[in-house]
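Student: I'd like a close look at one part of this protein, and then a walk outward from there to the rest. Could you take me through it at an easy pace?

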Amino acid sequence: MQSRPASSGPASGAKRRVKVLLPLPLDGAYDYGAPPELPVEAGDFVLVPLGRREEIGVVWGEGDRGPAAIAESRLKDVQHRFDLPPLPEVARRFVDWVAHYTLNPPGVVLRMAMSVSAAFEPPRPIVAYRLGGGLPPEGFKLTPQRLRVLELAKAGPPRSLVELAREAGVGTTVARALADAGMLEAVTLPGSLPPAMPDGLRPGPALSADQQAAADDLRARVESGKYSAALLDGVTGSGKTEVYFEAVAAALRAGRQALVMLPEIALTAPWLGRFEQRFGAPPVEWHSELSAKQRRLNWRAAGDGSAKVVVGARSALFLPYPNLGLIVVDEEHDGAFKQEEGVIYHARDMAVVRAHLGGFPIVLSSATPSLESSVNADTGRYSRLHLPARHGGAELPKIEAIDLRRHRPPSQRWLSPPLRDALTETLAQGEQAMLFLNRRGYAPLTLCRACGHRLECPRCSAWLVEHRLIRQLQCHHCGYAVKAPETCPACGAAGELAACGPGVERLSEEVAELYPKARVSVMASDTITGPLAAGEFVRAVTEREIDIVIGTQIVAKGHHFPFLTLVGVVDGDLGLSGGDLRAAERSFQLLYQVAGRAGRAERPGRVLVQTADPAHPVMQALVAGDRDRFLAAEAADRKRHHMPPFGRLVALIVSAGDPAHADATARALARTAPRGGALGGDGVEVLGPSEAPLRLLRGRHRRRLLLKAPRGMDVQSLLLDWLAQVPVTGDARVQVDIDPYSFM
Ligand code: ADP
Ligand code: ZN
């Protein structure tokens, strides 16, 4: 399915045929006739008939000519070519690559590249008004109000009637009357103005020697215009952002587009501010919270090259950049880069592929690199650029474990005496503290004291989480929500439902009890819902309007709070309970990142981690501040078990409405599974089927199989052969997760 140059024209006489890929789950591109009066090229966005509908697709190459080709009489014609820049060849190859790698139909991947259907309509022109030339018609009085509008229209750019009226402080009817009388003249402006241009020539801050060395290296990579991958590895606050801004500046100077990917767009407000300060103009944003209009404008700006720097979440990777010359993946270790629904892909890994296809450098930045990237740096596939010190000599905080077995919190409370003492001290000094608990809501479980019944989601095998502020019980897996009941739904007992365990809301009750005068703020994804809320939160903390922040992982990343000197991790063991491949790694990364929030300026910080298992390797490495030892131990362990990145994993998730149907499908998969030796699969092993930990999700019963294979193996071919042997009937579904991160 490689595209061919559009110039390889048809044999003389026959009508030209082109392949058009539609953004639909079809098995490939379809052939259409290209009438001579409608010249189309590979990459063009076109309208074609499909059954009784019309669909927008992309010309993917020349059509089939062979004996199997569709008869000319049945060939339908391309109907319209949109007046848009074509989807560049490299973007088309990327769609094919991702489709092949993730075992999805290419059309489904293409859909991610054209997610904005309104972008295909021409932008609506804007009508604006300026001063007309003529004299007032007979009997038209130039009242003071009218004169004020005319006065304003004389100066400045053409504006809408509403705007002119607003500026003049008069009603819109006044302006309308002037337009009707010909005193104001209408002009038509193009529908959108190009985004403001960030300036690559503006100087950045003076860099330290280490920063300068890393920045020089990155700049040379961008200027060379060749593929390379660099891991920018430095503790929080070491200036990684300043350094990769230099690479962005180099791309701007070279006239290339740059993409910066951030894991959580809700948290980018401070980042956007910094960018604008550095480059004099904001970047173009790409994420799910844009308005429909902004989305459309930004998609077009990425595609016509006027968006010089795009900052976005995963899906920004699929924008139709004509001229991309740099990708930066910030917080590259972050699990949020893995998309778990629809096309299951890891945006960091696909970004590396995109850079490779495009022949330009990629920069992966992190204070706690993923084991994958770390191993790639060790083996020389990536270069490691190291920033060893915090900027301005700020010290990394001291991390201490609090053994919860020796320092028990009171019953139904979660703060141990040493953590309370530290909080008291911090507040007494007028400094700020952060309590970290990665659990939204009030309590993770509600239990009936009379009969032992646990409140579960009716559609998922998961407990309902109480959110007391809004009096709801919520399922964090499917979004199901009900009013918190007064009586037990199982035995009917009244007043016996008890909250078990803490969430951030409950912790804030405890804190309010202990420190009634402290200003406390709870930060979780349900209170920080977007860039605006995040920006307001950062402002409030920075301006010391908050004494104690209680937050989930949303507070773990990337903020600088100069007066925050104490971080308390309420449940350091929480991340370790998942028991999956990356539980230790993820937990270490998260706790290390949280720890990095403390003491960023001159004030030294302190981090206290409550744990029931201080001897755990993650705790030991954390307290020793020895990231590299931790990574080395993890790597050795993974290597021994042929686990990623030393071996490969693919998860198959079988689901169906009926549990027996899910079981039968999963067992059929197991029966035909490739085995060592058979199917060319040396070193291949299939585990399962087993019930998924999340046995029921949105009413579907789930089973899992796990394929283990050697690192270099072409698992895609293996899987295609395997899956082709198993009929998947009725509502059953088999989802393929290449390089799985979630094992739920
Ligand atoms: P990281 O991305 O590694 O966490 P940042 O780039 O965010 O680090 O830098 C941490 C803080 O130090 C930021 O406020 C940043 O503006 C500041 N900083 C870093 N390097 C410099 C420098 N060379 N000159 C001035 N300020 C710097
Ligand atoms: Zn649910």
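Which elements are included in what covers the buried residues of α2?

Tutor: Happy to, with one reminder up front: this is a predicted model. The cover over the buried residues of α2 includes the strands β1 (17-21) and β4 (53-62) and the helices α1 (89-102) and α9 (292-303). Also included are β13 (338-339) and β14 (345-346).

Now the helix itself. Helix α2 spans residues 106-113, and seven of its eight residues are buried, so the rest of the structure largely encloses it. The buried ones are Pro106, Gly107, Val108, Val109, Leu110, Met112 and Ala113. It helps to recall that an α-helix has 3.6 residues a turn, so residues three or four places apart point the same way.

Let's zoom out to see where that helix sits. The protein has 19 helices and 31 strands. Its radius of gyration is 30 Å, close to the 27 Å that the globule rule gives for 744 residues, so the protein is as compact as a globular protein of that length. Along the principal axes, the C-alpha atoms fill a box of roughly 90 × 80 × 65 Å. Of the 744 residues, 53% are buried. If you take contacts between residues at least 6 apart in sequence, 75% of them join residues at least 24 apart. The accessible surface is about 32,800 Å², and carbon and sulfur atoms account for 53% of that.

What about the nonpolar interior? The largest nonpolar core has 80 residues, and Leu317 and Ile327 have the most contacts inside it. Leaving out residues up to four places away in sequence, Ile327 touches a set of residues that includes Leu259, Met261, Leu317, Ala351 and Ala355. Phe360, Pro361, Ile362 and Val363 are also among the residues it touches, and so is Arg354. There's a second, separate core of 36 residues, which includes Val538, Val555, Ala584 and Ala595.

Next, the metal. The zinc ion (ligand 2) takes its protein donors from the SG atoms of Cys457, Cys460, Cys475 and Cys478, at 2.2 to 2.4 Å. Angles among the four donor atoms run from 107 to 113°, and the site is tetrahedral. Along the sequence, the donor residues follow the spacing C-x2-C-x14-C-x2-C. Both Cys475 and Cys478 are buried.

Thr446 is another residue to look at while you're in the 400s. It sits in strand β19 (residues 445-448), and at a relative accessible area of 5% it is buried. Beyond its neighbours within four places in sequence, Thr446 is in contact with His453, Arg454, Leu455, Leu464, Glu466, Leu473, Leu497 and Ala498.

Then there's Arg648, in strand β28 (residues 647-656). You might not expect to find an arginine tucked away, but with 11% relative accessibility, under the 20% cut-off, Arg648 counts as buried. Lys708 is 60 residues away from Arg648 along the chain, yet their C-alpha atoms are separated by 5.7 Å. Lys708 is also among the residues Arg648 touches, along with Tyr101, Leu707, Ala709, Pro710 and Arg711. That list goes on to Met713, Val715, Gln716, Ile738 and Asp739.

Asp739 has a backbone quirk of its own: its phi is near 55°, a positive value in a residue other than glycine. It lies in the segment after β31 (733-738) and is buried, with a relative accessible area of 19%. Gln412 also has a positive phi, near 60°, and it isn't a glycine either. Gln412 is in the loop between β17 (398-403) and α12 (417-428), and at 44% relative accessibility it counts as partly exposed.

Last, the cis peptide bonds. One runs from Pro644 to Pro645, with omega near 5°, and Pro645 is in the loop between α17 (627-640) and β28. Another joins Gly688 and Pro689, with omega about 10°, and Pro689 is in strand β29 (residues 685-697).

Notes:
Residues are numbered from 1 along each chain as its sequence is written. Chains are lettered from A and ligands numbered from 1 in the order in which they are written. This is a predicted model: local features need pLDDT of at least 70, side-chain atom pairs count only at pLDDT 80 or more; totals for chains, interfaces and linings use all residues. Side-chain values use heavy atoms; hydrogens and water are left out. Donors are N, O and S atoms within 2.8 Å of the metal (3.2 Å for Na, K and Ca); water is not among the atoms, so sites may look incomplete. Four donors count as tetrahedral if all angles lie between 85 and 135 degrees; four count as square planar and six as octahedral if opposite donors are over 155 degrees apart and all others between 65 and 115; anything else is irregular. Buried means under 20% relative accessible area, exposed over 50%, partly exposed in between (1.4 Å probe, protein chains only). Helices (H or I, at least four residues) and strands (E, at least two) are DSSP runs, numbered from the N terminus. The radius of gyration is taken over C-alpha atoms; the globule rule is 2.2 Å times the number of residues to the power 0.38. Contact means heavy atoms within 4.5 Å. Accessible areas come from the Shrake-Rupley method with a 1.4 Å probe; for residues, only the protein chains shown count as cover. A nonpolar core is a set of buried Ala, Val, Leu, Ile, Met, Phe, Trp, Tyr and Cys residues joined through side-chain atoms within 4.5 Å.
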